[in-house]
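Here's a walk through one structure, from the way its chains meet down to a few single residues. Keep the 3D view open and follow along as you read.

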Amino acid sequence: MIIAEQKSIDEIISSLEGFKSAVVAACGTCVTVCMSGGEKEAIRLADALEIEAKSRGGCLKTSVTCPTRQCDMEFLDENEEALGSAECILSLGCGAGVQFLAEKFPDKVVLPGLNTEFIGVNRDIGYWTEMCQGCGNCMLAKTGGVCPVTRCSKSNFNGPCGGSSSGKCEIDPDTDCAWQLIYDRMKRLGRLDELLEINEIRDWRTSRDGGPRSVVREDVR
Amino acid sequence: MNVLILGQNGINGEIEKCLTAQGHSAAVISDIGEIKSFSGEAGEFKAKTGTGEVEAALVIVTEPDRKPMPDMGGGMPASIFDAAAMEGAWAFKAKSPVVILLDYFNESPPASTARALEEALVLASKKASTVFLFRFMRTAASGSEELYLKARNAGVTFIKYEKLAISYDEGAESFDIEVSDGVQDVNLKTQFIATDSGHGVSEKFSMLAKKLRLKADEAGYVNESRYFLAPALTGRKGVYYINPDNSESWLQETLEFIVSTAGAVAKEAGEDKNHATVDGDKCAFCYTCYRACPHGAMAPDDENRVMQNMESACEGCGACAAVCPGNAIAMSGDEFAAASLQGKSGKVKMFCCENSGEIALREILPGLGELAAKIDCETVPCGGRIGFEQMSAALRSYGKVVALVCMDDACRHFTGNKSACKQAQRLSAMLEKAGVDKKRAYCIKTSHAMPNAARDEILEVLNDNC
């Protein structure tokens, strides 16, 4: 799931400067689940924005709408009227949602209300961690289901660096060393010998280094 | 009625006997690690084990036998879970080392281990000479390895012992400790020993509590303390908890009470009481409410891929509705919220917990004179019902908003009071960041038994211009 965090309210306020009305567009999928951009957060943000505007004698009229997903045009079409009902749209979707809304409404300013963080998992209420970078060439089969691309700070492919100490990463004592996790898990699975195999230098063109990516599936088109 | 007894405890046989004598049947699963999953509500619980499924109307969890404390020679040790006592340890550091004792033969409970290490680390960081005695400490599995390393680096002396003898000198108010690791003997004199008092439950028990979705206290015990009038109650209806320290007559009475509640639970299910309803169209099936519900009353409807409320298990506190990120949960009784004290138009909106705030406010209101007219009160079933959005919506028309909730540890729904305070804090922080006066959202803790406890705080809010 995409994990995102709400932008600080002062940043949102300054991006809304000059607008008299805004639709706060929630998104009913990932950002709802990670509690940053669902309908509830949209209502909260809209209230706070109105209170702030009122407190300095200004006026901002807000409304809230929540498409099931901002990343599918059908859901945006469904909500077209509500989304288009104000001067600008403040999207609480991930970066994909904001951009798709901008495509849908070419003549409107669409502003981001969230910072999109990463693809991750929910470990507890209010606690998410990064697990995948979408590098386009998954090597989890070789590393016991622990991703060195994402979870090693240096994306090392063949074991830990010299900064691995007591199972922790040198960049942050709260971060586990991915290669320690990989080693422990392979040991548990009785597959340590597989770690002796050297992973070749990676072709990063499948990742962001190859420029913006797209997937075209002729079989389902 | 079939009653399922979970746990291994000396009194299991006694419980079984009592239940059969009263005409009920009992099933016992003594190895609690056997439980794979647990679902349902009172009258129709289902426990899946590795070998099959057990159905039961009621469930009794028996606590594992508490480990006897090592002989303290007549002295009283402090508890590592007692924050004030641990703060007091500081006073002894000049005279003698502070001793922390974790006396477990095989595995030390994860909660005790973590807490003992934390306390040792704090003491050593403050340059108190600290000795940590243990027989077997579990660190890796409980994630305490790092704390252990930090404590060692901070100068805590760790002694793994095989034999321990403690005597207490009343005149000098000091303990004499003889401890041996089998090779070397060490003698220690101290005025302060802290233990977990045989506290802390095994990892297995913690796992069981999690599967049954019972709220546990810091030491991992299923927290029965707040239900002081009926100590066998847990947060989840139909699931009971018995610890073995009580007398036989207590057990008899308690079991009679337990089976008598079955009818009441069934009756309540048919009543139109305040409970949560989930809008399936909005539910993102994110499990937030499932995790947050203090009464284990939310259950997945796997067929429709939405969460559902088990009405008979629901206590109507509204914690789920407040936390639901999709705004999909409503409380059937939300309209009753605007009760008794309403009708005054004022400048301060107060959301009052019906168990504490409303009762306390009613008591102190007559003494507030003209200021009372400033208050507009809305009763809520629990502080946990109050979300950021209720408070921010109130601020659209009111100058200030206050959540008047229970004192710590007094919340009927475990942590509703804390949740209200967090919501108020977040709203304040957001308003401050936005450049709006942050002193507009408050959370005040009070008690129905001591209505004047929060009087001054309330006066301060009312007197401050808004």
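Let's start where the two chains meet. On chain B, 23 residues are in contact with 23 residues of chain A. Three elements of chain B each give two or more residues to the side that touches chain A: helix H7 (288-292), helix H10 (388-397) and helix H11 (416-433). Which of these gives the most? That's H10(B), with 6 residues. If you sort the residues on this side of chain B by type, you get 13 nonpolar, 5 polar and 5 charged. Keep in mind that what you're looking at is a predicted model.

**The overall layout**

Now zoom out to chain B as a whole. Chain B has 466 residues, and 42% of them count as buried. Its secondary structure comes to 12 helices and 23 strands. How do contacts in chain B link up its sequence? Take the contacts between residues at least 6 apart in sequence: 70% of these join residues at least 24 apart.

Chain B is divided into four domains: domain 1 (2-64 + 202-270), domain 2 (78-195), domain 3 (276-334) and domain 4 (338-463). Notice that domain 1 of chain B is written as two stretches, 2-64 and 202-270. For domain 2 and domain 3 of chain B, the C-alpha centres lie 44 Å apart.

Chain A has its own division, into domain 1 (2-118) and domain 2 (133-199). The centres of these two domains of chain A, taken over C-alpha atoms, are separated by 38 Å.

**Strands side by side**

Strands of a sheet pair through backbone hydrogen bonds, and the pairing can be parallel or antiparallel. You can find both kinds in chain B.

For the parallel kind, look at strand E1 (residues 2-6) and strand E2 (residues 25-29) of chain B, which pair over 5 bridges. To pick out one spot, B:Leu4 has B:Ala27 in E2(B) as its bridge partner. How does the chain get from E1(B) to E2(B)? It crosses through helix H1 (residues 12-21) of chain B, and this β-α-β crossover is right-handed.

For the antiparallel kind, find the open sheet of 3 strands in chain B with the order E11-E12-E13. Strand E11 (163-169) and strand E13 (185-190) of chain B stand at the edges, and each has a single partner strand, so one side of each has no neighbour in the sheet. From one strand to the next, the twist averages 15 degrees. E11(B) is joined to strand E12 (residues 174-180) of chain B by 7 bridges. Among the residues involved, B:Lys163 has B:Ser180 in E12(B) as its bridge partner.

**A few residues up close**

Time to zoom in on four residues of chain B. The table shows how crowded the surroundings of each one are.

| Residue | Other C-beta atoms within 10 Å | Status |
|---|---|---|
| B:Thr288 | 25 C-beta atoms | buried |
| B:Asp279 | 13 C-beta atoms | partly exposed |
| B:Asp409 | 12 C-beta atoms | exposed |
| B:Lys127 | 10 C-beta atoms | exposed |

B:Thr288 sits in helix H7 of chain B. Leaving aside residues up to four places away in sequence, B:Thr288 touches A:Ile125, B:Val323, B:Cys324 and B:Pro325. B:Thr288 and B:Ala330 are 42 residues apart along the chain, and their C-alpha atoms are separated by 15 Å.

B:Asp279 belongs to the loop between strand E16 (276-278) and H7 of chain B. Why is B:Asp279 partly exposed? It has 13 other C-beta atoms within 10 Å, and a residue would need 20 or more to be buried, or 12 or fewer to be exposed. From B:Asp279 to B:Gln308 is 29 residues in sequence and 9.0 Å in space, C-alpha to C-alpha.

The last two residues have something curious about their backbone. Most residues other than glycine have a negative phi. B:Lys127 isn't a glycine, yet its phi is positive, at about 65 degrees. B:Asp409 isn't a glycine either, and its phi is positive too, at about 70 degrees. Where do you find them? B:Lys127 is in the loop between helix H3 (110-125) and strand E9 (130-134) of chain B, while B:Asp409 is in the loop between strand E22 (400-406) and H11 of chain B.

Methods:
Residues are numbered from 1 along each chain as its sequence is written. Chains are lettered from A and ligands numbered from 1 in the order in which they are written. This is a predicted model: local features need pLDDT of at least 70, side-chain atom pairs count only at pLDDT 80 or more; totals for chains, interfaces and linings use all residues. Domain bounds come from an automatic or database domain assignment. Two residues are in contact if their C-beta atoms, placed from the backbone, lie within 7 Å. Helices (H or I, at least four residues) and strands (E, at least two) are DSSP runs, numbered from the N terminus. Ala, Val, Leu, Ile, Met, Phe, Trp, Tyr, Cys and Pro count as nonpolar, Asp, Glu, Lys and Arg as charged, and the others, Gly among them, as polar. Two strands pair if DSSP finds at least two bridges between them. A crossover is right-handed if, with the strands pointing away from the viewer, the path from the first strand over the helix to the second runs clockwise. Axes are lines fitted to C-alpha atoms, for helices over the stretch in contact, and angles run from 0 to 180 degrees between N-to-C directions.
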